[in-house]
Amino acid sequence: MVCLVQNMLRLKLPVSEISGELALHWDTGKNYDKLLLTYLFDEIDINGVRHIAIDEFALEKRHKYATVVMDLETSRVIWVSRGKSQDSLSPFFAGE
């Protein structure tokens, strides 16, 4: 079942559609999604990165933000975090 859900997530199907199709609770589908994302993007690969750009962007109109770190030369997104404070960058610099 886990492999089926993960394959459907790789097809970029919404969690609600996957949950409905497989008769899963939405929270179960979302947990599988989080596991897959953690597996795919848990480690930060900064090999060859010489210069970074840090910026924030609005997630919603109610002043919710995310911070993005990019390789300035390739424009590749390296890391994203909720928030726009200095604390939101701490995990990036700690290598988490």
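Here is a quick tour of a predicted model, starting with its sheet and ending with a few single residues.

**The sheet and a helix across it**

Three strands make up an open sheet, lined up as β1-β2-β3 with antiparallel pairing. At the edges sit β1 (52–60) and β3, each of which pairs on one side only. From one strand to the next, the twist averages 20 degrees. If you look at β2 and β3, you'll find their antiparallel pairing runs over 5 bridges. Methionine 70, for instance, stands opposite valine 77 in β3. Then there's helix α4 (residues 86–94), which lies across β1, β2 and β3 and runs at about 140 degrees to β3.

**Serine 81**

Strand β3 (residues 77–82) is also home to serine 81. Is this serine buried or exposed? Serine 81 counts as buried because its relative accessibility is 14%, and the cut-off for buried is under 20%. Leaving out residues up to four places away in sequence, serine 81 touches Ala66, Thr67 and Ser88. With serine 88 there's a polar side to the story: a polar atom of the serine 81 side chain lies 3.3 Å from the backbone oxygen of serine 88.

**Two residues with positive phi**

Most residues other than glycine have a negative phi. Here are two with a positive value:

| Residue | Phi | Place |
|---|---|---|
| Alanine 23 | near 55 degrees | loop between α2 (15–22) and α3 (26–41) |
| Serine 75 | about 65 degrees | loop between β2 (64–71) and β3 |

Alanine 23 is exposed, as its relative accessible area is 71%.

Conventions:
Residues are numbered from 1 along each chain as its sequence is written. This is a predicted model: local features need pLDDT of at least 70, side-chain atom pairs count only at pLDDT 80 or more; totals for chains, interfaces and linings use all residues. Side-chain values use heavy atoms; hydrogens and water are left out. Helices (H or I, at least four residues) and strands (E, at least two) are DSSP runs, numbered from the N terminus. Buried means under 20% relative accessible area, exposed over 50%, partly exposed in between (1.4 Å probe, protein chains only). A polar contact is a pair of N or O atoms within 3.5 Å; within protein, one must be able to donate a hydrogen and the other to accept it, and residues adjacent in sequence count only if both atoms are side-chain atoms. Contact means heavy atoms within 4.5 Å. Two strands pair if DSSP finds at least two bridges between them. Axes are lines fitted to C-alpha atoms, for helices over the stretch in contact, and angles run from 0 to 180 degrees between N-to-C directions.
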